[in-house]
Amino acid sequence: MKLKVNYLSKWLLVVLAVGLCQFAIAQRTITGKVTDESTKEPLIGANILVVGTSTGTITDFDGSYSLTLPSGAAELEFSYTGYTSKRVAIGTASVMDVTLSAGEVLEEVVVVGYGTQKAKEVTSAVTSVKAEDFNAGNVNSPAQLIQGKVAGLSISKVGSDPNGGSQIRLRGLSTLGANTSPLVVIDGVIGATIESVDPNDIASIDVLKDGSAAAIYGSRASSGVILITTKKGAKGATKVEYNGYGSTESISRQVQTMSPSEFAATRPQSDRGFETDWVDEVTRNAMSHVHNLSLSGGIGATSYRASLNYRNIQGIALNSDFSQLNGRLNLVQKAFDDRLTFDISLAATDRDASYGFYESLRYAVLYNPTAPVNALDPTSALGVRYGGYYQEENFDYFNPVAIANQGVNEGSTKDLLLSGRATYELLDGLTASAFYSQLRESELYGQYYEKTAYFRGIGRNGRANRSTVDRLTSLFELTGNFTRQFGNLGLNILAGYSYQDIDESSFNTDAGNFISDDLGYNRINYALEYQRGLASVNTFRSAYKVIGFFGRVNLNIDDTYYLMASLRREGSTRFGENNKWGLFPAVSAGVTLSNLFDISSLDNLKLRVGYGETGALPPFNGISKLRFERSGNFFYNGNFIPAFGPTQNANPDLKWETKGEFNAGLDFAFLDYKLTGSLDYYVRNTRDLIYPINVPVPPNLASTTWANLEDVVLRNSGFEASLGYNVTGSGFTWEPRLVFATYKTVLDTVDATDAKFKFFTNSGVNFEPSTSPGAPGLNNNPTVAIIAGEELGQLWGYKYLGVGDDGKFIFEDLDGDGQITSEDQAVIGSALPKFSLGLNNTFRFGKLDVNLFIRGDFGHELMNMYRVFYEPLGTGSREIENIVKTKYFDENLKANPQVSSHYVEKADYVALDNATVGYTFDLGSGSKINRLRVYLSGQNLFYITGYSGVDPSPRYADPGETDNGGDTPSGNNVLAPGLDRRNIYFLTRTFTLGVNLGF
């Protein structure tokens, strides 16, 4: 793909070049030893950093270090996990021995909504992950940086598609019809896209997990809040950093099927005489490379950091890849004796992607392995008709190589984010701040299917699709902050106003019947369907506002007792005329019990309790209004005239969905802060859920009304634990950290006898019609049930008992009537995990560092759709398809596909998610390079699981099913988890070789 360099990137290159020209070389070396203040033992792997630069080193086996100082170095910072950091002026000394004392954990700065706090002052459930603790390797999304690192935060990326997103859940499901992913705030920009920041530019990610922490963000915080802070510059000598890596990727898990010889022996009537590895034909060993160059520093009242990031990422499926150029500039300028501070940030991202086709992998699994790739006679009628590819004309049966090569599916995205903050200190402890940001997002997509493509093309004589999305998000906020110490009482007051405007427009057109494939989607107006007025054209515009007033008070009494109270009043144009505004209160308190009594080896023990209410915005605009949409055409006076009809009723009383959450937590530290951790228990209830309800016509104009459900409450509860230990031995350190979380999500009923808008029917069981497996043969067979008062994710079907002498299924006759009917279906599995864990291990042996990260999910099951369709040895036209051969395969089963417990599998797994080995070289005093680290990393190295499918990760939502060349589904049905659909990207194993350089 072509590397595009926009104006911003050119300008950032100039900034980098100027900074490099100013880089000075004058250096000297300083040595010393770092030890524990109480035990006098050496601290192995302690960090020593020249303040304001990236120049640094770590201590050796005996706690000693040697560091070459850049020109202008004035101060060193010494730090070590579990210890209080210390800054020491360099002066003229050539030897500097330093002792550190335990206690750094309590002084660590944690980012919270609209500010920061010391860890000891936090009274809510907040988890902070710093850059040094991020997941390593071939990571292309910020979400992957903290996968498995935060208790209660589930990040599930199914398969290894380089363009695929992640399903993110915090403490389970908090809404049915609104956004189920946490709100993302990047450097104060609310609602920014998580993909708009490059992983290399992130300094920390803080997760606001409970209601008392998130309530300050009001109507969009029910699913939690993720705060991303990017790296900034610091005063001191100019520092230059380069981080780069190359990686190779190959398939680690795929669908198990019969070999050509096995297939020919099992279905000799379908033997075509060839041996084709279809998966091998449509996949490759992928090669990727990533480069990050940054320049930072500061002088006088100015500090800055500029960075450029380039990513060229390949996927294992043909034509699945992307190239991305990202630039970011963070500038801080102080004035008026440092009382006025300007923070300016400018970021741009330009991404070109080829998405390929999941269907090429799907049909590589099921296509006849004895069939050839190309037509036996390309000049024959069928050979010419299908562009030289072998193709049998059957329903839902496509040559996978032809899919990959006879279609184009690509797009580009461009993001430009500008933000600025001016903060003025009016009086000592009193500041006023004004913040403005503007985010422009532009998306452009194109698809084309050739005239001879059996998959989506030949029926239309060539088909093209072109779509665009443009989005402008503007945010303006005013805040005031007062901080004062009155004796042993610390007081902080925050007050603010927020105004956000989101404007989105889109365009889509689809047309067929092309004269030539050379026209493609860029000449869609040349299609005969377009010229005859038969093309599909859709335009849309959506604009809404969110306005809020908020305040918060924090009290710190003698560093022992803490109290926080906040309130946000917020309004949005998305709601009904009678309910535009809502209130979101929160309160939390904490007490440091270790200050009240003395227990040997106990360093810190703090109890936290909090309650907060948050909301959720509806999924789209106009949700409370009467809507008309095109419902067809009628012929009048020689022309086709579009017809419109009502599709949604008005509901002026539509109001906020409100989640109330109670959280109790305990933070602790023992053994001179070597053992640290936290425990949390939460209960959350979401009421007035926003959901589309079927209503009678008449008296209603349409059959659907979006309303607040009156008969149900969504209940979540769980326990979370985070434990860490710092082991220091002779010549090495070991820092294990375990995170653990349990989950329970129930859609419970409440007394609503006279309710107008109800979710459940009188039976107390709802079926999700969209969860049918699909074709061939299994349409209109719901596989998920929602049962009042029970956990979500109930998989539904027949209970499998075995195989009869006739080769047919034997199912349990639950009602005892001697017949197997739909009345004999029941719950056959549970789709959502009961608990999850992540175990991170960091080892340091002098200048060698090793990291192993293991994670897993437990208690969930998956319905394996590949097995449902292609494992039974059915008869008829489907005998041309390959057979899925897992450990469950039974050669005696000769029935047509049916959904049953036979295809529901336990999907517990433990994965070695990441393993990294790195070495930091000692370059000596004469080197111009002050840091050189080389590392080797592996991802998805192994899975321990009994699941026979591609990926045992939980499916938190169902995208829907497609067949026979239909458009790839893009749904997000949160009420239908646990369905392992047939459109899935294979899982891969990645090896990465990288280098970190500092100058």
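**Close-up 1. Which residues of helix H7 are buried in this predicted model?** They are Glu 359, Ser 360, Leu 361, Arg 362, Tyr 363, Ala 364, Val 365 and Leu 366. That makes 8 of the 9 residues in the helix, which runs over residues 358-366, so H7 is largely enclosed by the rest of the structure. Wondering what does the covering? Helices H6 (278-281), H9 (400-405) and H11 (865-870) are included in what sits over those buried residues.

**Close-up 2. Here is the largest nonpolar core, with 56 residues.** Look for Val 255, Trp 278, Leu 795, Met 863, Tyr 866, Val 868 and Phe 986, the members that touch the most others in the core. H7 turns up again here: H6, H7, H9, strand S44 (809-811), H11 and strand S50 (909-920) are the elements that give two or more residues to this core. Zoom in on Met 863 and, beyond its close neighbours in sequence, you'll find contacts that include Leu 795, Trp 796, Ile 828, Val 868, Tyr 903 and Leu 979. In soluble globular proteins, nonpolar side chains tend to be buried together.

**Close-up 3. Tyr 65 sits in strand S4, residues 64-69.** Is Tyr 65 buried or exposed? With a relative accessibility of 5%, Tyr 65 counts as buried. Its contacts farther along the chain include Ile 30, Val 34, Ile 48, Ile 58, Leu 76, Phe 78 and Met 96. With Met 96 there's a polar touch too: the Tyr 65 side chain reaches the backbone oxygen of Met 96 at 2.8 Å.

**Close-up 4. Two cis peptide bonds, each leading into a proline.** One joins Val 697 and Pro 698, with omega about -15°. Pro 698 belongs to the loop between strands S34 (690-694) and S35 (704-708). The other joins Ala 775 and Pro 776, and here omega is about 5°. You'll find Pro 776 in the loop between strands S40 (765-767) and S41 (784-787). Keep in mind that most residues other than glycine have a negative phi, and most peptide bonds are trans.

**Close-up 5. Asn 461 and Asp 688 both have a positive phi without being glycine.** For Asn 461, phi is near 60°. Asn 461 lies in the loop between strands S23 (430-449) and S24 (463-486), and at 28% relative accessibility it counts as partly exposed. For Asp 688, phi is about 55°, and its loop connects strand S33 (675-687) with S34.

Definitions and conventions: Residues are numbered from 1 along each chain as its sequence is written. This is a predicted model: local features need pLDDT of at least 70, side-chain atom pairs count only at pLDDT 80 or more; totals for chains, interfaces and linings use all residues. Side-chain values use heavy atoms; hydrogens and water are left out. Buried means under 20% relative accessible area, exposed over 50%, partly exposed in between (1.4 Å probe, protein chains only). Helices (H or I, at least four residues) and strands (E, at least two) are DSSP runs, numbered from the N terminus. Contact means heavy atoms within 4.5 Å. A nonpolar core is a set of buried Ala, Val, Leu, Ile, Met, Phe, Trp, Tyr and Cys residues joined through side-chain atoms within 4.5 Å. A polar contact is a pair of N or O atoms within 3.5 Å; within protein, one must be able to donate a hydrogen and the other to accept it, and residues adjacent in sequence count only if both atoms are side-chain atoms. Lists of a residue's contacts leave out its neighbours within four places in sequence.
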